[in-house]
Amino acid sequence: MTASVLKGKTIVLGITGGIAAYKAAALCSRLVQAGADVHVIMTESAVKFIAPLTLQTLSRHHVHTDTFDERDPSAVSHIDLADRADLVVIAPATANILAKMAHGLADDMLSTTVLATTAPVLVAPAMNVHMYAHPAVADNIRLLGQRGVRFVEPGTGQLACGYVGKGRLAEPDEIARAVEACFEERGSLAGRRVLVTAGGTIERIDPVRYITNDSSGKMGIAVAEAARDLGADVTLVATRSVGALPEGVRTVTVESAADMLEAVMDRFDESDIVVKAAAVADYRPVVKHDAKLKKTGGRLVIELEKTADILEEAGRRKTGQFLVGFAAETNDIALYAMDKLRRKNCDLIVANDVTAEGAGFNGDTNAVQLFDEGGLAAEWPVLTKREVGLRLMRLVAERLDARPGKRPDAPSGARDGAGGLAGPKGTVYGEEADS
Ligand code: PMT
C-alpha cells in the first residue's frame with residue numbers, strides 16, 4: 001500500500017466481538033504503516049477476543065472501550081472522535097452492530113460514535129453463515145447500503161463455528177485496499193467544475209400567485225454535495241423553493257425557467273460537468289400581471305406559452321461538457337429517457353418513475369435507471385438521494401477519466417477529500433411533463 005493516500009488521515013477503527021477480532025490487529029498495523037492516524041474503539045465483547053493493549057501498541061493511542069471513561073476533560077471523546085474521523089471502519093462487524101447502526105441505537109462507545117459521525121463508514125461483516133443469510137441481517141445491510149454505508153463483503157470458507165459458507169471476515173489486505181479506495185475516490189473530481197440545478201421553477205401569474213411543481217431540490221442538492229465530496233468545484237443553481245443549501249458549494253438562487261436558463265448559460269462554457277436535476281416548468285403565463293388579479297364572477301383563463309428548454313439549449317451548445325439530464329416519467333421510462341438523451345444531446349439521462357414508491361419528488365429516496373447512447377447503463381434500487389448522487393458522480397468521474405485527453409490538475413484549493421398553483425379558488429394548474 002502506498003503511504004500517500006492514507007498519510008495524515010484519521011481513521012476510527014471499530015472492533016466488535018467475534019473471533020475474527022484478532023484480524024483487526026493486522027488491519028490496524030497496515031493502516032498505521034500506511035501513514036494513517038488510527039484510533040481504536042472496542043466493544044465489551046471485542047475485548048473478550050483480543051486485548052486492548054495489542055491495539056494500543058499498534059495504534060500508539062489509548063483504546064476506547066467505555067463511553068464514560070473520559071480521559072480529557074476538554075473533550076467528549078465519542079463526539080471528538082466522530083468529528084475528527086475522516087473514515088470510520090468497523091472490522092469485524094457483528095450482526096449486533098449492524099442492527100444497532102440500522103436502527104440508530106447508541107448504547108456504547110462504538111455505536112454512539114458511529115451515530116455521531118458525518119464521516120463515511122466502511123463495514124466488514126463477519127458472522128456465522130446462517131446469521132449472515134438471515135433476512136433481518138440482510139435487511140439491515142440493505143438499509144445501511146441505502147444510507148451510503150460501504151461494505152467489504154465477507155469471504156466464503158471454513159468458519160470458526162465449524163460451518164462452511166459465507167461469513168468469514170475479509171482479509172486485512174482486502175479491507176485495507178477498500179479503505180484506500182474510499183480516500184482515492186474523494187479526489188476523483190478534483191479539478192473539475194460541476195454545475196448542478198435543483199428545485200422546481202416558479203412561473204408568476206401575478207405578484208402573489210404562480211405555477212410550480214413538487215420538486216424539493218433534494219435530488220439536485222444531493223448531486224451537488226456528492227460532487228463536492230469527490231473534490232469538484234461546484235456551483236448549484238437552485239430555485240428559491242429549496243430548503244437548506246449545502247456548504248462548500250457556490251449557490252445561485254433563481255426563480256423562473258428564464259432565470260435558470262440565464263444562470264446556467266452564464267456558467268456553461270466554463271463547466272466540465274452539468275447535471276440538470278431541476279424540475280423546470282415547460283409553460284409559463286404569457287402575461288405576468290404587475291398587480292394582484294381581482295376575482296371576477298366567471299371563469300379565469302390563463303394563457304400559457306412554452307419556456308425555453310435549458311437542457312436542450314445546453315446540448316446544442318456543448319463542446320466537451322459531460323451533460324447529465326434527468327427524466328421524470330410515469331410510463332414507458334426507457335422510451336422517453338432515450339428520446340430525451342438523443343434530442344437533448346446528453347451523455348447520460350437519469351430516469352425516475354415518479355409514481356413509484358420511494359422514488360421521485362420530495363422524499364429522501366429515489367430509484368433510478370441510467371441511460372446512455374448504448375441504452376440502459378445502470379439500474380439502482382431505492383437508495384437515499386445522497387447515495388444516488390454519490391453513485392452518479394462516481395460514474396461520471398469514471399466516464400470522464402476514460403475519455404482521451406489530459407485530466408485537469410487539481411487546483412490547490414480543491415478539497416479531498418403541492419403541486420399546482422396558489423391561484424383563484426377552484427383552479428388547478430399543473431405542469432405538462434413532456435419535456
Ligand atoms: O427535487 P426533488 O423533490 O428531490 O425531486 C427530484 C426530481 C423528481 C425533481 C428529479 O429526480 C427529476 O426527475 N428531475 C427532472 C424533472 C423534470 O423536469 O423532468 P423532465 O422529464 O420534465 O425534463 C427532462 C430534463 O430536461 C430535466 O433534466 C430538466 O431539468 C430539463 N428541462 C426540462 C424543461 C425545460 N424547460 N428545461 C429543462 O432544462
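In what order do the strands of the open sheet of 5 strands run, and with which pairing? Here are some notes on that and on the packing around it.

1. To answer straight away: the order is E2-E1-E3-E4-E5, and the pairing is parallel. Please keep in mind that this is a predicted model. The edges of this open sheet are strand E2 (37-42) and strand E5 (150-151), each of which pairs on one side only.

2. For a closer look at one pair, try strand E1 (residues 10-15) with strand E3 (residues 87-93), which run in the parallel sense and share 4 bridges. A handy place to start is Gly14, whose bridge partner in E3 is Ile90.

3. Next, a helix pair. In general, two packed helices are described by the angle between their axes and the distance between the axes. For helix H5 (residues 95-103) and helix H8 (residues 135-146), the axes come within 9 Å and cross at roughly 50°. H5 and H8 are therefore oblique to each other, and the crossing in which H5 passes H8 is left-handed.

4. Which residues make this contact? From H5 come Ala95, Leu98, Ala99, Met101, Ala102 and His103, and they meet Val137, Asn140, Ile141, Leu143 and Leu144 in H8. By class, the residues of the contact split into 9 nonpolar and 2 polar, with no charged ones.

5. There is also an open sheet of 8 strands, with mixed pairing and the order E12-E11-E8-E13-E16-E17-E19-E20. Strand E12 (250-254) and strand E20 (375-379) each have a single partner strand, so one side of each is left without a neighbour in the sheet. On average, neighbouring strands here are turned by 20° against each other, with direction ignored.

6. At the E20 end, you can follow the pairing of strand E19 (residues 368-372) with E20: the sense is antiparallel, over 4 bridges. Within this part of the sheet, Leu370 stands opposite Ala378 in E20.

7. Two helices deserve a look against these strands. Helix H11 (residues 257-268) lies across strand E8 (193-198), strand E11 (233-239), E12, strand E13 (273-276) and strand E16 (322-329), and it runs at about 175° to E8. Helix H12 (residues 310-317) packs on the sheet as well, where it touches E13 and E16, and its direction makes about 155° with that of E16.

Note on methods:
Residues numbered from 1 in each chain as written. Predicted model: local features only at pLDDT ≥ 70, side-chain atom pairs only at ≥ 80, totals over all residues. Heavy atoms only, no water. Axes fitted to C-alpha atoms, helices over the stretch in contact; angles between N-to-C directions. Parallel < 35°, antiparallel > 145°, perpendicular 65-115°, else oblique. Left-handed = near helix turned anticlockwise from the far one by under 90°. Contact = heavy atoms within 4.5 Å. Nonpolar A, V, L, I, M, F, W, Y, C, P; charged D, E, K, R; others polar. Pairing = 2+ DSSP bridges.
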